[in-house]
There are 2 protein chains.
Amino acid sequence: MRQGIPDATVARLPVYLRALTTLAEDGTATVSSEELAAAAGVGSAKLRKDLSHLGSYGTRGVGYEVEYLVYQISRELGLTQDWRVVIVGVGNLGHALANYGGFVSRGFTVAALLDADDRIVGETVGGLVVRPVDDLEEVVAEQGVHIGVVATPAPAAQDVCDRLVAAGVTSVLNFAPVVLLVPDTVMVRKVDLSTELQILAFHEQRQVANRLSVDVPARVVALEPDGGTGRAGVSP
Amino acid sequence: MRQGIPDATVARLPVYLRALTTLAEDGTATVSSEELAAAAGVGSAKLRKDLSHLGSYGTRGVGYEVEYLVYQISRELGLTQDWRVVIVGVGNLGHALANYGGFVSRGFTVAALLDADDRIVGETVGGLVVRPVDDLEEVVAEQGVHIGVVATPAPAAQDVCDRLVAAGVTSVLNFAPVVLLVPDTVMVRKVDLSTELQILAFHEQRQVANRLSVDVPARVVALEPDGGTGRAGVSP
DNA sequence: CGATGTGAAGACATTCACAGCG
DNA sequence: CGCTGTGAATGTCTTCACATCG
């Protein structure tokens, strides 16, 4: 039950959480695994297996109590405490991030916005005054920042990341199109537009190829199980 | 050799491609799997296995020719042809996307920017005039759009997605914090800030817990930037 | 010789199918 | 009876270790 939730499960918990909060707003009190799975875009067996890693929070013959499950998942993800975030780089993307409502909504506080450009420093974005990037170490130390968001141009990203790590940040969310090198003790997650588009392009290409060879019952096409639960078009 | 490159491999090819183009700009002619793997932040065995799915493009005892490998990966990802993209929703995030340079850089053309807000329609963003969202079907049909980017507020996302799909789009990149329901024939990938932050929070929480129990040498390892599922591990 | 390419082994994740409980 | 929770089976990905070849 406890001790080590699989990474694949952790990656899906936020999706379940979102579906559950939506249900809660609609006034739904309980859900079956079937219903919740549909709302989250996964199979019901996978959902039940995922939830079983947190404990036995369902009722057989009934389902899950929405409010209770929201709390349990939130606790497991560490959202019952507040995490302070610093955003470095207030360009187009940084603006979008700073104004993103869901950011603050659950457990995350933007401690500061930093930028290297004098023309941006001093501006107010999302209710915060942009500070010079030189304040980085000071901000991290004084505000007890845990998570750094790198939204700088590519050339500056590694340097900013190094400074974040040196200042004590142990989680980094990277929007710059570079591979950040960090010590083993630091966790990095990357969000990359071109990567996503390129993955979509690959699937588009294959789909077009399949469309052309529809008439030809080549035996190589046998890879597709087809029929009922074939490829759902969802991210891995 | 051909027929079915694993999804996990496809998700990493863009990373290799980026590392390779950087190397090419620096004038490097050949790389070993060891070097390229380091630049991409993966293990060398994994890299070789990944590349082996494309074919035998290396030279034993030497390594890979950078230019040649760039071409082969690009071709495999379908980047040798041009994919037309429509961006729906030109708020903060849409602005960032429209101005994102790497967007156009390789194989992607923004066919149009659409928005439902009259105050934004008519503005010029990233060199394009924002058009009303009512033009969606027309734009998709006339420009032969393959990929739709949903950057709208959450409540509008599913509706926009439905219209994209009905108009013939078969790949969708979703930035709205909702689970989009689509037919099996359509591929959706999701980019979600809160999801990423929540996954980081989970690992932060666990790291803090580990730090408190000092005697137990449970070292948090491997961060591994990747597409889709984030994997990271804790070694026993 | 040295680095690729790859079977084989192992780790991890998903799916199945049903026992067990409310 | 209906739905959860879970062992067992299946499938997928990663890692190892070395034969192979330029």
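**Exercise 1. Work out how chain A holds on to DNA strand D in this predicted model.**

Start with one contact: a polar side-chain atom of Ser33(A) sits 2.6 Å from a phosphate oxygen of DNA strand D. Next, look for contacts to the bases. Arg48(A) puts a polar side-chain atom 2.8 Å from a base nitrogen of that strand, and an N or O atom in the side chain of Lys49(A) is 3.5 Å from a base oxygen.

Now zoom out. Strand D is surrounded by 23 residues, with Ser33(A), Arg48(A), Tyr64(A), Arg12(B) and Arg60(B) the closest. Sort the surface by class and you get 5 nonpolar, 9 polar and 9 charged residues. Then check the DNA side: of the strand D atoms within 4 Å of the protein, 62% belong to sugar or phosphate and the rest to bases.

Last, ask which elements supply this surface. Helix 3 (44-52), strand 2 (58-59) and strand 3 (63-65) of chain A each give at least two residues, and so do helix 1 (7-25) and helix 3 (44-52) of chain B.

**Exercise 2. Do the corresponding job for DNA strand C.**

Begin with the count: 23 residues surround strand C, and the closest are Arg12(A), Ser33(B), Arg48(B), Arg60(B) and Tyr64(B). Go through some contacts. The side chain of Arg48(B) has an N or O atom 2.8 Å from a base nitrogen of strand C. For the phosphates, a backbone N or O atom of Gly58(B) lies 2.9 Å from an oxygen, while an N or O atom in the Tyr64(B) side chain is 2.7 Å from one.

Place these on the fold: two or more residues each come from helix 1 (7-25) and helix 3 of chain A, plus helix 3, strand 2 (58-59) and strand 3 (63-65) of chain B.

**Exercise 3. How is chain B related to chain A?**

Superpose them: a rotation of 180 degrees with 0.0 Å of shift along its axis puts chain B on chain A, with an RMSD of 0.1 Å. That is what a two-fold axis does. Then compare interfaces: 87% of the interface residues of chain B are also interface residues in chain A, so the copies meet through the same surface.

**Exercise 4. Find the nonpolar cores.**

The largest one has 104 residues, and Leu20(A), Ile73(A), Leu20(B) and Ile73(B) have the most contacts inside it. Take Leu20(B) as a sample: beyond its neighbours within four places in sequence, its contacts are Val31(B), Leu36(B), Val66(B), Leu69(B), Val70(B) and Ile73(B). A second, separate core has 23 residues, including Leu114(A), Val133(A), Val150(A) and Ala157(A).

Notes. Residues numbered from 1 in each chain as written. Chains lettered and ligands numbered in written order. Predicted model: local features only at pLDDT ≥ 70, side-chain atom pairs only at ≥ 80, totals over all residues. Heavy atoms only, no water. Near = heavy atom within 4 Å. Polar contact = N/O pair within 3.5 Å; in protein donor to acceptor, adjacent residues only side chain to side chain. Helix = DSSP H or I, 4+ residues; strand = E, 2+ residues; numbered from the N terminus. Nonpolar A, V, L, I, M, F, W, Y, C, P; charged D, E, K, R; others polar. Core = buried A, V, L, I, M, F, W, Y, C linked by side-chain atoms within 4.5 Å. Buried < 20%, exposed > 50% of the residue type's maximum accessible area, 1.4 Å probe, protein only. Contact = heavy atoms within 4.5 Å. Least-squares fit on C-alpha atoms with pLDDT ≥ 70 in both.
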